[in-house]
Amino acid sequence: VPVHQLSANGGLLKMADPLTETLKVQVALHVGSTTLRSEAEMLGPMWATHGYFQPFRFTGLPTQKQAELKQNLESLLKMGRGRRAIGLQWKLAGSPQ
């Protein structure tokens with residue numbers, strides 16, 4: 001799933017079809033040198049020219065991991081690597097691995 005924006009609080013996904021608002025998902029992020037896993041909640045989708053933008057917010061990211069994510073994002077932006085350095089995978093909460 002392409003990440004359009006990412007912050008220490010959540011992000012914005014570019015999706016072909018939206019997910020249900022308030023749906024709980026598991027997110028695995030690889031940002032810089034850190035891999036994070038967290039629960040997240042999908043927020044209301046917004047129609048885009050080709051598909052949808054759908055925001056999400058982290059609901060299970062510990063404070064220490066949130067600080068690491070913020071630090072890694074700031075470092076990537078300073079290095080000018082931004083989007084190319086971020087990968088995102090997620091699965092619906094409760095679905096098989």
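These are my notebook entries on what I looked up in this structure, which is a predicted model.

**Overall layout**

I began with the secondary structure and found that the protein comes to 1 helix and 7 strands. Reading from the N terminus on, I noted the order of the elements as β-β-β-β-β-β-α-β. I then looked up burial and surface: of the 97 residues, 34% count as buried, while the accessible surface comes to about 6,200 Å², with 52% of it belonging to carbon and sulfur atoms. For the contacts with a separation of 6 or more, I recorded that 57% are made by residues 24 or more positions apart.

**Helix 1**

I turned next to helix 1, which covers residues 63-79. The helix has 17 residues, and from its first C-alpha to its last I noted a reach of 24 Å, close to the 24 Å expected at 1.5 Å a residue. Which residues of helix 1 are buried? I listed Leu69, Asn72, Leu73 and Leu76. These buried residues lie on the same side of helix 1, because they cover an arc of only 100° around the axis. That arrangement sent me back to a general point: an α-helix has 3.6 residues a turn, so residues three or four places apart point the same way. On the face turned away from the buried side, I found the exposed residues Thr63, Gln64, Gln71 and Lys78. Just after helix 1 comes Gly80, for which I wrote down a positive phi of about 75°.

**Asn72, on the buried side**

I singled out Asn72 from helix 1 and asked whether this residue is buried or exposed. Asn72 has a relative accessible area of 13%, which is under the 20% cut-off, and so Asn72 counts as buried. Not counting residues up to four places away in sequence, I found that Asn72 touches Val31, Gly32, Ser33 and Thr34. Of these, Val31 closes strand 3 (24-31), and Thr34 opens strand 4 (residues 34-42).

**Arg37, on strand 4**

I stayed with strand 4 to look up Arg37, whose place is within that strand. Arg37 is exposed, since its relative accessible area of 64% is over the 50% cut-off. Leaving aside neighbours within four places in sequence, I noted that Arg37 is in contact with Val27 and Ala28. I also checked Arg37 against Lys65, 28 residues apart along the chain, and found their C-alpha atoms separated by 9.2 Å.

**Thr22, in a loop**

Where is Thr22 found? I placed Thr22 in the loop between strand 2 (10-15) and strand 3 (24-31). The phi of Thr22 is near 80°, and I marked this as a positive value in a residue other than glycine. With a relative accessible area of 47%, Thr22 is partly exposed.

**Aromatic rings**

Finally I looked at the rings, and a search of the whole structure gave 1 aromatic pair. The partners are Phe56 and Phe58, whose ring centres are 5.4 Å apart and whose planes stand at 80°, so I entered the pair as edge-to-face. Both Phe56 and Phe58 are buried. In a separate entry I noted Phe53, where Lys14 lies over the face of the ring at 5.1 Å from the ring centre.

Note on methods: Residues numbered from 1 in each chain as written. Predicted model: local features only at pLDDT ≥ 70, side-chain atom pairs only at ≥ 80, totals over all residues. Heavy atoms only, no water. Helix = DSSP H or I, 4+ residues; strand = E, 2+ residues; numbered from the N terminus. Buried < 20%, exposed > 50% of the residue type's maximum accessible area, 1.4 Å probe, protein only. Contact = heavy atoms within 4.5 Å. Phe/Tyr/Trp six-rings, centres within 6.5 Å; stacked < 30°, edge-to-face > 60°. Lys NZ or Arg CZ within 6 Å of the ring centre and 35° of its normal. Areas by Shrake-Rupley, 256 points an atom, 1.4 Å probe, with all protein chains shown as cover. Expected span 1.5 Å × (residues − 1). Arc of directions from axis to C-beta.
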